[in-house]
Amino acid sequence: QVQLVESGGGLVQPGGSLRLSCAASGSIFSGNIMGWYRQAPGKERELVGQITSGGSTNYADSVKGRFTISRDNAKNTVYLQMNSLKPEDTAVYYCNFLSTRFGLDIWGKGTLVTVSS
C-alpha cells in the first residue's frame, strides 16, 4: 500500500515562491505517475502537473512557466516548485500517485497554499 504525505504549504505573498513536497512510502511500483492537483474554494479539483517515473512532465496551462514539477526516485518524493504565485493559486494542493498498470490511484490528504498580502 502506498501512502502519501504532503508538506510545504503555507501563506505566501503574491509574486512569491513556495515548494511543496510529497513523500511516498510503502510498496512503490515502477512506471508510476505522480502529480499535483489543487482545489480552490468553490471549484472542482484540477490537475496542476504530473511527472512520470521517467521524468516526463505535463502542466495545466494556468501554471506553465511558473510551476515546475520534479521527482527524486531515490527518495520516492515529488516536488512542486511554485514561482510567481498569484492569489488565484490559492487552493488545497493534493499529491497523487497513479499506476494504471497495477490499478492504483492514491491521494494524499492535501496541504493548503494561501497566496495573499
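## A walk from Lys64 to Glu6

Start by selecting Lys64: with a relative accessible area of 48%, Lys64 is partly exposed (buried means under 20%, exposed over 50%, partly exposed in between, using a 1.4 Å probe and protein chains only). Before you click on, know that this is a predicted model, where local features need pLDDT of at least 70 and side-chain atom pairs count only at pLDDT 80 or more, while totals for chains, interfaces and linings use all residues. Residues are numbered from 1 along each chain as its sequence is written, and side-chain values use heavy atoms, with hydrogens and water left out.

**Stop 1: charged pairs.** Add Asp61, which forms a salt bridge with Lys64, with the closest N and O atoms 3.2 Å apart (that is, a side-chain nitrogen of Lys or Arg within 4 Å of a carboxyl oxygen of Asp or Glu). Asp61 counts as exposed, at 66% relative accessibility.

Now pick Arg66 and Asp89, whose side chains meet in another salt bridge (2.7 Å, N to O). Arg66 is buried at 11% relative accessible area, and Asp89 is buried too, at 1%. Add Arg38 and Glu46 to your selection: salt bridges that share partners join Arg38, Glu46, Arg66 and Asp89 into one network. Between Arg38 and Asp89, the N to O distance is 2.9 Å. This pair links distant parts of the chain, with Arg38 in strand S4 and Asp89 in the loop between S8 and S9, 51 residues apart (strands are DSSP runs of E, at least two residues, numbered from the N terminus).

**Stop 2: the disulfide.** Which residues does the disulfide join? Select Cys22 and Cys95, with their sulfurs 2.0 Å apart (the cut-off for a disulfide is 2.5 Å between cysteine sulfur atoms). Cys22 sits in strand S3 and Cys95 in strand S9, so the pair ties together parts that are 73 residues apart in sequence. The torsion about the S-S bond is about -85 degrees, so this disulfide is left-handed. Both Cys22 and Cys95 are buried.

**Stop 3: Glu6.** Keep Cys95 on screen and select Glu6, in strand S1 (residues 2-7). Does a salt bridge go with this residue, or what else is there? Glu6 is buried yet has no salt bridge, and the nearest side chain of opposite charge, Lys109, is 6.8 Å away (Lys and Arg count as positive, Asp and Glu as negative; His and the chain ends are not counted). Instead, show the backbone: the side chain of Glu6 reaches the backbone nitrogen of Cys95 at 2.8 Å, and the backbone nitrogen of Lys109 lies 3.2 Å from a polar atom of that side chain.

How values were computed. Helices (H or I, at least four residues) and strands (E, at least two) are DSSP runs, numbered from the N terminus. A polar contact is a pair of N or O atoms within 3.5 Å; within protein, one must be able to donate a hydrogen and the other to accept it, and residues adjacent in sequence count only if both atoms are side-chain atoms.
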